[in-house]
Amino acid sequence: METRNLIAGVWCEADDGSTFDVHDPATDDLLAAVPKVGETEVVRALDAAEAVRADWESTPIPERTTILRRIADMLVAATDELATIIVRENGKPMREARAEVAYAASFFPAAADAADRLRDEAVEVLGKCVTVRHRPVGVSAAITPWNFPLAMLAKKTAPALAAGCPQVVKPAEQTPLSAIACARIAVEAGVPAGVLSVVTGDPPAIGDAMLRHPRLRKLSFTGSTEVGRLLMRGAADRLVRLSLELGGHAPILVFDDADLDAAVRIAVAAKFRNGGQTCVCPNRFLVARGIHDAFVDRLATTVSELRSGRGQDPDVDLGPLIDDQAMRKVAEHIDDAVSMGASIVTGGGRRRIAGCVDRFPEPTVLTGCGPGMRCWTEETFGPVCPVRAFDDEAEAIALANDTEYGLASYAITNDPGRFERLASRLDSGIIGINDPVPAIAAVPFGGLKQSGIGREGGRWGLEAYLEPVTVSRVGSGRGG
Ligand code: NAD
């Protein structure tokens, strides 16, 4: 397995030879020591990106998109290897890791299709010939989180390369190995030297070096709102363009016209992907009072039957949390809710898994939750379902929107009249109605309010790497 960085087309260690360790979150076993690079290597990667920028920009779109489609095919062909890496470094169950590889691969044809459809646009203005062209924004950088280490990278790299922008990627320190594997595949697929670099190391040092580089034009970040704000401040000095995909605090609204079994199935599928460590997963369960007790009963039974274990073990539903801090946060949120009057219906403790460290919280259902509780205002990022009853649709929507976040919302209902009202009134960038996984590579993905700025996916993701340039011409060009 490759563990080095790809900088300026060369696989290399840190200049001073320093490394940091990557561990399996289920066991703390050492997986690899990867380079701990600093400013010098980041500058080298960005200088190389600038050196090849003009060539990559002028490579005809069909040539670039052919390479992208080849990357997708190669990612899919390498599913076993990539999913194994994701399971080892992130901990998620193997079937989820395999689904992540497919999801990651789907961003390449989605970006390629969008690029193939790009056309100059003519605008009619009396006496002038006006066209709007799409010019690549220039050298770009990407900083990605650990929870979907391959997919979050693909979401950024695919549109950047399709648009003609070289990119330097910094994956999360917990999960750099799938990014390195993806870069190896991109090189094999024909991405020229310098167009894609991967650097690993100290996050603030790398982030600062990126933002200070005179040729960096665009940074795409996925991670916490707190770090997003920090990067936005850093980007201000040089007006670096930003896409920020930040935290979420999704509500899920369960209406009394829903089929209860289907509702529980959808809610569990949405909540427990990656053990609840997903930016779009429901954090607040709003349930119509008339079905509250029956729903909670079935939800509690279903989640208590979810199986915990190492991601590579057969039939596992929940892997470990990513680290001890994540375990502490889950415990604190449960304690805080209980101290404020919530009741534990199931869970609340930890599961011991043979041969593993203590990172397996019990899937937990809490009732009587609401404003003021930490689980109701902050991302828990764990397998906790805080539930609250509502009396009518207006109250449900008001409670759903009562958050600074606006990434995803879910509703479970069979009332077609309600679909339209929810679609126009829920304040979030993504709305899943009876759909537990409303994330699709060809359509926009991103948040309102404190959940971020900009969109990824399809032509919207491509546009994030393009500048519209207006060319206005007067006269026929024959001296007239
Ligand atoms: P994080 O913000 O701690 O880290 C994300 C990335 O930023 C990592 O690569 C990290 O090394 C880097 N980083 C941290 N501090 C930095 C700094 N000072 N300068 C430069 N880079 C820095 O987030 P996380 O814990 O890795 O990921 C979980 C968070 O990501 C959650 O809030 C989740 O909701 C969010 N997320 C959002 C989306 C989305 O699409 N909106 C998708 C996945 C995850």
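**Exercise 1. Find the partner that Arg95 meets in a salt bridge, and place the pair among the salt bridges between the domains.**

Step 1. Start from the term: a salt bridge is a side-chain nitrogen of Lys or Arg within 4 Å of a carboxyl oxygen of Asp or Glu.

Step 2. The side chain of Arg95 meets that of Asp317, with 3.2 Å from N to O. Before going on, note that this is a predicted model, in which local features need pLDDT of at least 70 and side-chain atom pairs count only at pLDDT 80 or more, while totals for chains, interfaces and linings use all residues. Residues are numbered from 1 along each chain as its sequence is written, and side-chain values use heavy atoms, leaving out hydrogens and water.

Step 3. The chain is divided into domain 1 (5-246 + 451-470) and domain 2 (250-433), with bounds from an automatic or database domain assignment. Between domain 1 and domain 2 the count is three salt bridges.

**Exercise 2. Describe how domain 1 and domain 2 meet.**

Step 1. Look at contacts, meaning heavy atoms within 4.5 Å: 23 residues of domain 1 touch 27 residues of domain 2.

Step 2. Turn to buried area, the accessible area (1.4 Å probe) that two parts lose on being put together, summed over both. For domain 1 and domain 2 this is about 2000 Å², and carbon and sulfur atoms give 52% of that.

Step 3. Ask who contributes: in domain 1, Ala26, Trp146 and Ser451 lose the most area to domain 2, together 25% of what that side buries.

**Exercise 3. Work out which residues Asp24 and Arg88 link along the chain.**

Step 1. The side chains of Asp24 and Arg88 meet in a salt bridge of 3.5 Å, N to O.

Step 2. Asp24 sits in the loop between β3 (19-23) and β4 (30-35), Arg88 in helix α3, and the two are 64 residues apart, so distant parts of the chain are linked. Helices (H or I, at least four residues) and strands (E, at least two) are DSSP runs, numbered from the N terminus.

Step 3. For the wider picture, a search of the whole structure finds 31 salt bridges.

**Exercise 4. Identify the residues that come nearest to the ligand.**

Step 1. Count a residue as near if one of its heavy atoms lies within 4 Å. Of the 29 residues around the ligand, Thr144, Glu173, Ser224, Leu246 and Glu379 come nearest.

Step 2. Check distances to oxygen atoms of the ligand: a backbone N or O atom of Thr144 lies at 2.6 Å, and an N or O atom in the side chain of Glu379 at 2.5 Å.

Terms used:
Polar contact = N/O pair within 3.5 Å; in protein donor to acceptor, adjacent residues only side chain to side chain.
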